[in-house]
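Reader: I am new to this structure and would like to understand the reasoning behind the words used to describe it. Could you show it to me, and then take my questions in turn?

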Amino acid sequence: MNHDASMSTKWLWILGWLGMMAMMACGPKAQFLLLPNSDGTVGKIVVQNSGGTRVVDQAYHETHVDDPTLAPSEPRRMSPSEIQETFGDVLRISVRPPEHFILYFREGTAELTTESKDLVPRILQTIRERRSNDISVVGHADTKGSAEVNFRISKQRAEMVAGMLQAAGVDPTSLDVTSHGERNLLIPTADDVSEPRNRRVEVTVR
């Protein structure tokens with residue numbers, strides 16, 4: 001049986017949603033509950049087995065699997081009392097949300113600013129403390145220059161940061177390195193605008 005999200009992730013509570021599975025002696029063999037994030041946003045869970053697929057995209061709705069050869073159940077809303085009775089012990093466990101860091105770069109280069117260099121030890125400390133094996137490194141660029149050039153420089157920035165982490169002992173298999181070029185601007189601008197806050201790498205430690 002597989003449970004997945006709308007994007008590829010390693011942990012079920014990433015991207016604003018939390019999927020919880022309860023294994024019980026009686027009742028469903030596996031049960032999945034979708035909870036909203038702390039800011040109220042809701043993602044979705046995709047639960048799939050050999051019998052079929054269910055998508056849960058509403059908060060406090062659940063789906064369960066009684067038999068791996070049958071499709072997961074139709075999603076239904078659980079009452080607060082049901083949630084506490086079924087998932088209370090799990091909900092009392094403290095789940096640490098991902099930690100996000102933004103590193104900024106000098107214009108047209110893959111060279112970190114002085115302030116961002118000083119942030120790297122904090123990132124490494126967080127990785128060690130969490131014993132993280134799920135770290136995303138995403139490169140970005142501003143709109144100065146062509147989209148092709150900006151994609152290339154954002155990729156270089158992401159690879160440079162990933163290389164720094166690996167050199168400090170981070171397992172390369174725990175890193176998911178991607179680049180967005182001038183897409184997904186932190187500060188929306190017109191084309192061909194130099195914006196320091198858009199020249200960045202975002203590191204998320206889960």
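Author: Let us begin with the interior of this predicted model. In the largest nonpolar core, which has 20 residues, the members that touch the most other members are L103, I135, V137, V161, L165 and V203. At least two residues of this core come from each of β8 (99–104), α2 (114–130), β9 (135–139), α3 (147–167) and β11, and the largest share, 5 residues, is supplied by α2.

Reader: What does V161 touch, if residues up to four places away in sequence are not counted?

Author: V161 touches L103, F105, V137, V201 and V203, and a contact here requires heavy atoms within 4.5 Å. Apart from this core lies another one, of 7 residues, with F32, L34, I45 and V56 among them.

Reader: How do you know that the span of α2 agrees with what its 17 residues should give?

Author: At 1.5 Å a residue, α2 should span 24 Å, and its end C-alpha atoms are 26 Å apart, so the two values agree. The buried residues of α2 are S116, L119, V120, I123, L124, T126, I127 and R130, and they pack against β8, β9, α3 and β11. Just after α2, R131 takes a positive phi of about 50°.

Reader: How does the span of helix α1 (residues 80–91) compare with that of a straight helix of 12 residues?

Author: A straight helix of 12 residues would span 16 Å at 1.5 Å a residue, whereas the end C-alpha atoms of α1 are only 12 Å apart.

Reader: Which residues of α1 are buried, and why can they be said to line one face of the helix?

Author: The buried residues of α1 are I83, F87 and G88. Seen down the axis of α1, these buried residues fall within an arc of 160°, and therefore they line one face of the helix. An α-helix has 3.6 residues a turn, so residues three or four places apart point the same way. On the face of α1 turned away from the buried side are the exposed residues S81, E85 and D89.

Reader: Why is R200 called buried?

Author: The relative accessible area of R200 is 2%, and a residue counts as buried when that value is under 20%, so R200 meets the condition. R200 lies in strand β11 (residues 200–205), and its side chain reaches the backbone oxygen of N184 at 2.8 Å. Leaving aside residues up to four places away in sequence, R200 touches several others, including I102, Y104, F105, H140 and R157.

Reader: What makes S174 buried, and where is its place in the chain?

Author: S174 has a relative accessible area of 4%; set against the cut-off of under 20%, this value makes S174 buried. The place of S174 is in the loop between α3 and β10 (175–179). Although S174 and S136 are 38 residues apart along the chain, their C-alpha atoms are separated by 8.4 Å.

Reader: How many helices and strands does the protein have, and what pattern do they follow along the sequence?

Author: The protein has 3 helices and 11 strands, which follow the pattern β-β-β-β-β-β-β-α-β-α-β-α-β-β when read along the sequence. Of its 206 residues, 39% are buried. Among contacts with a separation of 6 or more, 59% are between residues 24 or more positions apart.

Note on methods:
Residues are numbered from 1 along each chain as its sequence is written. This is a predicted model: local features need pLDDT of at least 70, side-chain atom pairs count only at pLDDT 80 or more; totals for chains, interfaces and linings use all residues. Side-chain values use heavy atoms; hydrogens and water are left out. Helices (H or I, at least four residues) and strands (E, at least two) are DSSP runs, numbered from the N terminus. The expected span of a helix is 1.5 Å times one less than its number of residues. Buried means under 20% relative accessible area, exposed over 50%, partly exposed in between (1.4 Å probe, protein chains only). The arc is that of the directions from the helix axis to the C-beta atoms. A polar contact is a pair of N or O atoms within 3.5 Å; within protein, one must be able to donate a hydrogen and the other to accept it, and residues adjacent in sequence count only if both atoms are side-chain atoms. A nonpolar core is a set of buried Ala, Val, Leu, Ile, Met, Phe, Trp, Tyr and Cys residues joined through side-chain atoms within 4.5 Å.
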